[in-house]
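Please open the model in your viewer, with the sequence panel alongside, and follow the stops below in order. Each stop suggests a selection and then says what is to be found there.

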Amino acid sequence: MKKVVILGGGFSGISVANKLAMKTKRKDVGIVLIEPRDHLVYEPQLLFWAFKNYPLSKFTKPVTKVLNPRVTWIQTKATKIDDTQRAVELSNGETIYYDYLIIATGASMEEDKIGATHDDNVHHFYLPKATEELQKSLSNFEGGTILISPTTIPFKCPPAPNEFAFLLDNYLRKRGIRDKTKIKFLYPLLRAYPVPSVAEKIQELYEKRGIEFVEFFNFESVDKDNKKVISLEGDEFEYDMLVLVPPHEGQEVIKNSGLGDREGFVHTDRFTLKVKEKENIYAIGDCTDLPVSKSGAVSHFSSGTLVKNILSEIKGKSANHKYNGKTICFVVTSFRRSLLLDFSYNYPPRRYGIHNSFIYGLFKKVFKIAFFQVLVKGYM
Amino acid sequence: MCLNRNEVKVMSDYDIAIEIDARGSFCPGPMMELIKAIRQAEVGEYLSLLSSDEGTRNDVPAWINKAKHELLEIINEDGHDRYIVKKLH
Ligand SMILES: Cc1cc2nc3c(=O)[nH]c(=O)nc-3n(C[C@H](O)[C@H](O)[C@H](O)COP(=O)(O)OP(=O)(O)OC[C@H]3O[C@@H](n4cnc5c(N)ncnc54)[C@H](O)[C@@H]3O)c2cc1C
């Protein structure tokens, strides 16, 4: 019997575990998941949750409810991978051995590296606790300057800060305090989004909605005493509320095991999803250094390739299935509207969709049902 | 001043402290790699960025100008450009 060990039970780890469980027999393949958290979060909802209070349970599910019962879940963290011994050290003191290892540990949100907290009115919406604080601050907000800025690139869901700006504008209008509020969108590039055609549309909408765009702002630090944010280029802006994308890095276990780049993202073959220069180790999702966005959509579109390659190896064949970089992305431009983008390694992003369609905006919320019932369970 | 030459420059002309190979990476990859490297470099050091992305020709000179570093040359090599940058502060 072969043993497949999966590190990380976010969307990537759980959906791959479930797919493997469906495609193999218990007597042939044992599947073990290492994951410290007991709930899976539908992260796209955090963006909307920042503006409206409802129970977190509306968009989280216990791991036990979404994991195929054939998978053995060990609720702990991996601390070190030793590929020469095919072993993983765990924080509960045990060591687990594998025939095949799948790394799906996601990106670490390095909140401490911001140098300020919600007590300084510096916020983010990338983790539930932080989003809850932002929600409270926004509901008490009565006007002033709100700045939005990424810190490091890459970060999860590239359009998320743009989407936050659009939703914030909507929210402040509904509350009747938009005219008392300046919104500034600070961004590392010359345009407000990496893809020029999308940036053009976004900047047109920013102009219409009175959102000021500041180009070439590469976050350097926060001066919390003087309520200023400072860039590498030497610019400074004052804020009443600062909403950042927190710094993203790979997890400690990757850095400790020498499997990643400077930031700790796993060196991954963009086609086969094998960890570069290693045998029997694969990586998927936000933990990788793939030249595509860090998104659930990428995990979804690449998971089939990863599973097929592992199954081939188990049968003694070579891992020659290839992921072509295919993904899609919705950019929310208000509570009810969005644009659809389509990418692959072979062509730059293409933009579709009528901006003022109701369907796309609603799609993101309705998608939650499909996320928990179909995608996570590995049915697609 | 920024020269744009259609010939391969002899690399020993510059004492390159950091070379960034961003060939094959789409915009904004090459520029973000350069920004990361500038953060790590010492003042006065030279960096060399290799990029095959067309958009880099627009973005990198504009960013260098904004961030007040120096773009010494853009050298057209086989299938990519080489940007020579000096960190000034
Ligand atoms: C606000 C927001 C909006 C988003 N919107 C979209 C969207 O519209 N569309 C889209 O496609 N994507 C979106 N995303 C991105 C998407 O949610 C992520 O890309 C996706 O969840 C990545 O899944 P993952 O499993 O690779 O990583 P994660 O979900 O981060 O999971 C990693 C797991 O690994 C575990 N782990 C970490 N370290 C260890 C360790 N040492 N040992 C064991 N386990 C460990 C963690 O506990 C975690 O459960 C959004 C994200 C955010 C934050």
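Begin by selecting A:D169, which is buried, with a relative accessible area of 1% (buried means under 20% relative accessible area, exposed over 50%, and partly exposed in between, with a 1.4 Å probe and protein chains only). Before going further, note that this is a predicted model, in which local features need pLDDT of at least 70 and side-chain atom pairs count only at pLDDT 80 or more, while totals for chains, interfaces and linings use all residues. Residues are numbered from 1 along each chain as its sequence is written, chains are lettered from A and ligands numbered from 1 in the order in which they are written, and side-chain values use heavy atoms, with hydrogens and water left out.

**Stop one: salt bridges within chain A**

Keep A:D169 selected and add A:R173, because the two form a salt bridge whose closest N and O atoms are 2.9 Å apart (a salt bridge is a side-chain nitrogen of Lys or Arg within 4 Å of a carboxyl oxygen of Asp or Glu). Both residues lie in helix α5 (residues 160-174) of chain A, four residues apart, about one turn of the helix; helices (H or I, at least four residues) and strands (E, at least two) are DSSP runs, numbered from the N terminus. A:R173 is partly exposed, with a relative accessible area of 44%, whereas A:D169 is buried.

Next, select A:E110, A:K113, A:E249 and A:K255, which are joined into one network by salt bridges that share partners. Within this group, the side chains of A:K113 and A:E110 meet at 3.6 Å, N to O. A:K113 is partly exposed at 48% relative accessible area, while A:E110, at 18%, counts as buried.

For another pair, move to A:D28 and A:K27, which form a salt bridge with the closest N and O atoms 3.5 Å apart. Here A:D28 is partly exposed, at 36% relative accessible area, and A:K27 is exposed, at 61%. Over all chains, the structure holds 25 salt bridges.

**Stop two: strands of chain A**

Select strand β12 (residues 144-149) of chain A, and within it A:S149. Is A:S149 buried or exposed? A:S149 is buried, with a relative accessible area of 0%. Leaving aside its neighbours within four places in sequence, A:S149 is in contact (heavy atoms within 4.5 Å) with A:L186, A:F217, A:F219, A:V243, A:L244 and A:V245.

Now select strand β21 (residues 327-332) of chain A, in which five of the six residues are buried, so that the strand is largely enclosed by the rest of the structure. Add strand β22 (residues 338-343) of chain A, which runs antiparallel to β21(A) and is joined to it by six bridges; two strands pair if DSSP finds at least two bridges between them. The bridge partner of A:V332 in β22(A) is A:S338, and a hairpin joins the two strands through five residues.

**Stop three: chain B**

Colour chain B by secondary structure, and two helices and five strands appear, following the pattern β-β-α-β-α-β-β along the sequence. Of its 89 residues, 48% count as buried. Among contacts in chain B between residues at least 6 apart in sequence, 68% join residues at least 24 apart.

**Stop four: where the chains meet**

Finally, display both chains and select the residues in contact across the interface, 16 of chain B and 17 of chain A. The two chains bury about 1600 Å² between them, 59% of it on carbon and sulfur atoms, where buried area is the accessible area (1.4 Å probe) that two parts lose on being put together, summed over both. B:K36, B:R39 and B:K66 supply 33% of the area that chain B buries against chain A, more than any other three residues.

How many salt bridges does the rule find across the interface of chain B and chain A? The rule finds four, and one to display is that of B:K66 with A:D235, whose closest N and O atoms are 2.6 Å apart. To end, highlight α1 (29-40) and α2 (56-67) of chain B, each of which supplies at least two residues of the side that touches chain A; the largest share of that side, seven residues, comes from α1(B).
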